[in-house]
Amino acid sequence: MIKLRHRILIEQLSNLHANHLAIQTVGPSTQDLVIYFDFEESFSLESPEGTNIWEKFEDFSSPTGLSFSGWVGFFGYEFLGSQFGVSLKAPRDLDLPPIWFGRPQSIIRLESENTIIESTDEVREKEIKKILGQTIIPSALANPQNPPTCNLNFKEYESIFKKAREAILDGETYQIKISQRFDAPTRLNPLAAFGKLHKSNPAPEAFLLQTPSFAIVSCSPETIIQKEGRKITTRPIGGTYQRKDSSFDGSVIERFLQDPKEVAEHNMLVDLERNDLSTICEQGTVEIRKFREVESYSHLHHLVSTITGRLKKGISLRNIVQAMLPGGSITGCPKVRTMQWIDQLEPCFRGPYTGSFGSIADNGDIQLNLIIRAMLILGDHCYTQAGGGIVVNSTPEYEFKENQTKAQALLDLLK
Amino acid sequence: MITILDHRDSFTRNLEHLLAEFDKVQVIDRKSISFADIQASKILVFSPGPGCPGDYPESQAIYQEMKGKIPMLGICLGFQLILEQEGSKIIRQNQVLHGVESEIMVNKKSVTYRGVATPVKVGRYHSLQIDSNTLKDLSPEFKITSNDPIRNVPLSFENLKLKLFGLQYHPESFLSKEGNKIISNILHESMEQRWKAHRSS
């Protein structure tokens, strides 16, 4: 381990020229980051139905001896759906693996005033220190060609919205999350994009995952699974208000907390997450620790609750993933029937969007988020998807606009 | 043993944890439940779920088969399923309620609400309702025990002779502060004879 008495810049990581690189936000501050690279073993899947991956996660035969030893990567939405027992049929129109995970052999921790370098190989540790000391060769963030387009115009969205609303009136679903995909013919530098996003919109679950074939840059605010020992925590976000001018925060937040639509949406999510935790937790241990707190981000306010439980004995990673994912805040409720409706109504598959990124340690600890507020970088194109919950008293105009607002922090990267 | 007949709802596990405060609970999908599973239970609970009772013919058949032989409790969809089987009709509500905490008008003399603190506030998740104009088609042993105070929406029933109970709202929701007491009343009543035997032994 090498400790530097200063915090390096995210841009300096570009000198590593890593094929695969992941950055995860950890801890209560949005500033502490862990950078994972030098992946020795990694795997992905050809189709979402692959199931033998669980054995890989439970093979602890080669611990790295670093402060983190385990897997880092993502589960795509369709893979999680199939594990949950819902087979999704929307066309896979982008070339991406349904999941990707790797075991990092080198780690850099960025703390408020320190940089800690760890690697399984001491020679490599010294080399990393040297590389990080080199001058940064500035790289362009983006080369915008044309403005982004969306896969749904208002008329198309409205038509989907009406079908979703009929389903609600019939009791098929109580709340359904419908998303739109924005596509920009822009080549984006993943590391530079993450650096900019981390400055403009720091978030508790912001991350970067960079591979030779694709990259995901995100300012996700939402933790779906935080597991330490047998304690498991989830922090569902439900309810969104626009934030145009922070000087009005006080009165806007007051209105937000009294808005019956937002309150009902959030209540539903709290009951849904209590349910999912109850699947894997000991009876009587599922508790709402924090209820309906407001968190404010650059363009938005959110309602967040914190729910915890104590896991039953013998619960595996697979049990946890199947109980908690896909996250209720990105499907709607009840999950199974609602996911089938989403599959019918949305024009394209979701891929990493509304899947889950994070770390799975050999000691069983887990930090997994929901992949939202994310930019997918694939060759010469960038894609960001944004959606919102449709409930009985939603209006298509408002929801359509809210989706744009949710995409804005990402679309700003393209300017 | 309490058995929950599950309709793949996202609140079933909350119900399981609530019921587990009183007895062992097994959750079984409606399609894979066996007669032995039902026979082993003191009460059969029909879970909430999406859609309408007509989507679940297996559950309808189980209700008809077991009626009078074992106590049964229907929650939300389960409540509608029992009353529809008994002759009432299901309609869309004028005002759909999902995730709404609502105060309800209860019959304090009923078994379901015995000793329940008022005002009774419950968590509601329903698009559909029992058409109150069709309550007259029920046999008189079915007593409606609570209603929506503004709109004419039946919200619970009890049939003490056949030990059948139903709640349109969700006693397992964190919004239903008296959920535990209501379930306790229903379980004690449905296990009454065993209860007495247990106490006198």
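## Helices α7 and α8 of chain A

In this predicted model, helix α7(A) spans residues 260-280 and helix α8(A) spans residues 317-324. Their axes come within 8 Å and cross at roughly 160°. An angle over 145 degrees counts as roughly antiparallel, so α7(A) is roughly antiparallel to α8(A). The crossing is right-handed.

Three residues are named on the α7(A) side: Asp276(A), Thr279(A) and Ile280(A). They meet Asn319(A), Ile320(A), Ala323(A) and Met324(A) in α8(A). By type, the residues of this contact are four nonpolar, two polar and one charged.

## Helices α4 and α11 of chain A

A second helix pair joins α4(A), residues 154-169, with α11(A), residues 396-411. Here the axes lie 10 Å apart, and the packing angle is about 120°. That angle makes α4(A) oblique to α11(A). This crossing is right-handed.

From α4(A) come Phe154(A), Tyr157(A), Glu158(A) and Phe161(A). From α11(A) come Pro396(A), Glu399(A) and Phe400(A). The α4(A)–α11(A) contact has five nonpolar residues and two charged ones. It has no polar residues.

## The nonpolar core

The largest nonpolar core holds 145 residues. Which residues have the most contacts inside it? They are Ile35(A), Val217(A), Met375(A) and Val45(B). Helix α7(A), already met in its pairing with α8(A), gives the largest share of this core, with seven residues. In soluble globular proteins, nonpolar side chains tend to be buried together.

Val45(B) can be followed further. Leaving aside residues up to four places away in sequence, Val45(B) touches Ile2(B), Thr3(B), Ile4(B) and Leu5(B). Val45(B) also touches Leu19(B), Leu73(B) and Ile75(B).

## Where chain B meets chain A

How many residues of chain B are in contact with chain A? There are 27, and they touch 31 residues of chain A. Three elements of chain B each supply at least two residues to the side that touches chain A. They are helix α1 (12-19), strand β5 (90-106) and strand β6 (120-130).

The side of chain B that touches chain A is mixed in character. Ten of its residues are nonpolar, twelve are polar and five are charged.

Conventions. Residues are numbered from 1 along each chain as its sequence is written. Chains are lettered from A and ligands numbered from 1 in the order in which they are written. This is a predicted model: local features need pLDDT of at least 70, side-chain atom pairs count only at pLDDT 80 or more; totals for chains, interfaces and linings use all residues. Axes are lines fitted to C-alpha atoms, for helices over the stretch in contact, and angles run from 0 to 180 degrees between N-to-C directions. Helices (H or I, at least four residues) and strands (E, at least two) are DSSP runs, numbered from the N terminus. Angles under 35 degrees count as roughly parallel, over 145 as roughly antiparallel, 65 to 115 as roughly perpendicular and the rest as oblique. A crossing is left-handed if the near helix is turned anticlockwise from the far one by less than a right angle, and right-handed if clockwise. Two residues are in contact if their C-beta atoms, placed from the backbone, lie within 7 Å. Ala, Val, Leu, Ile, Met, Phe, Trp, Tyr, Cys and Pro count as nonpolar, Asp, Glu, Lys and Arg as charged, and the others, Gly among them, as polar. A nonpolar core is a set of buried Ala, Val, Leu, Ile, Met, Phe, Trp, Tyr and Cys residues joined through C-beta atoms within 7 Å. A residue is buried if 20 or more other C-beta atoms lie within 10 Å of its own, exposed if 12 or fewer, and partly exposed in between; C-beta atoms are placed from the backbone.
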